[in-house]
Amino acid sequence: MTAEEVCNVCGLPKDLCICETLSKETVKIKIYVEKKRFGKFVTVIEGIDDKLTDVKKLLKKFKKKLACGGTYKDKRIELQGNHLSKVRKLLIEEGFNENSIEVG
Ligand SMILES: [Zn+2]
């Protein structure tokens with residue numbers, strides 16, 4: 001077994017670990033749209049714990065589903081364009097608790 005297959009938080013093998021599931025139910029996420037220069041918009045997702053959630057994988061999936069560009073830096077996922085309601089729906093599809101997602 002490689003180190004990657006063991007959870008950093010509880011030390012259990014990834015298939016036994018429920019940290020990510022638990023975290024998705026309790027983590028407080030904030031999504032909002034930010035206006036950038038030249039009148040461009042980005043949809044920002046804040047609050048996802050990158051120790052518990054594979055943010056890179058999530059970003060890749062969201063970029064594909066929304067057909068847009070995006071980055072992850074300073075603990076924020078930024079997706080190009082205004083995708084507020086779609087992002088909320090995608091997060092819920094990923095198992096995040098809809099009551100913990102603050103929009104706006
Ligand atoms: Zn764990």
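**Group meeting: one chain, five strands, three helices**

Buried residues make up 13% of the 104 residues in this protein chain. By buried I mean that 20 or more other C-beta atoms lie within 10 Å of the residue's own; with 12 or fewer a residue is exposed, and in between it is partly exposed, the C-beta atoms being placed from the backbone.

Two remarks on the numbers. This is a predicted model, in which local features need pLDDT of at least 70 and side-chain atom pairs count only at pLDDT 80 or more, while totals for chains, interfaces and linings use all residues. Residues are numbered from 1 along each chain as its sequence is written.

First, the overall layout. The protein chain has three helices and five strands. These are DSSP runs numbered from the N terminus, H or I of at least four residues for a helix and E of at least two for a strand. From the N terminus on, the order of elements is α-β-β-α-β-β-α-β. Along its principal axes, the C-alpha trace spans about 50 × 30 × 20 Å. Among contacts with a separation of 6 or more, 47% are between residues 24 or more positions apart. A contact here means two C-beta atoms, placed from the backbone, within 7 Å.

Now the sheet. What is the order of its strands? The five strands form an open sheet with the order 3-4-2-1-5 and mixed pairing. Two strands pair if DSSP finds at least two bridges between them. Strand 3 (70–73) and strand 5 (101–103) stand at the edges with a single partner strand each, so one side of each has no neighbour in the sheet. On average, neighbouring strands are turned by 20 degrees against each other, direction ignored. For angles in general, axes are lines fitted to C-alpha atoms, for helices over the stretch in contact, and the values run from 0 to 180 degrees between N-to-C directions.

Next, the individual pairings. Strand 1 (residues 29–35) and strand 2 (residues 41–46) run antiparallel and are joined by six bridges. Within that pair, Val33 stands opposite Thr43, and Ile31 has Ile45 as its bridge partner. The hairpin of strand 1 and strand 2 has five residues between the strands, and Phe38 there takes a positive phi near 60 degrees.

Does strand 1 run parallel or antiparallel to strand 5? Strand 1 and strand 5 run parallel, with three bridges between them. Ile29 stands opposite Ile101 of strand 5.

Strand 3 and strand 4 pair in the antiparallel sense over four bridges. Tyr72 has its bridge partner, Ile77, in strand 4. The hairpin of strand 3 and strand 4 has two residues between the strands. Asp74 lies in the loop between these strands and has a phi near 50 degrees, a positive value in a residue other than glycine. Asp74 counts as exposed, because it has 7 C-beta neighbours inside 10 Å.

On to the helices. Helix 2 (residues 55–66) lies across strand 3 and strand 4 (76–80), and runs at about 160 degrees to strand 3. Helix 3 (residues 84–93) packs on the sheet as well, touching strand 1, strand 2, strand 4 and strand 5, with its direction at about 155 degrees to that of strand 1.

There is a length check on helix 2. At 1.5 Å a residue, its twelve residues should span 16 Å, and its end C-alpha atoms are 16 Å apart, so the two values agree. The expected span is 1.5 Å times one less than the number of residues.

One residue to look at in helix 2 is Leu59. Which residues does Leu59 touch, not counting those up to four places away in sequence? They are Gly70, Tyr72 and Ile77. Tyr72 and Ile77 are the bridge partners I mentioned in the hairpin of strands 3 and 4. Leu59 counts as partly exposed, because 18 other C-beta atoms lie within 10 Å. The C-alpha atoms of Leu59 and Leu12, 47 residues apart along the chain, are separated by 25 Å.

Last, the residue just after helix 2. Ala67 takes a positive phi of about 50 degrees there, in the loop between helix 2 and strand 3. Ala67 has 8 C-beta neighbours inside 10 Å, so it counts as exposed.
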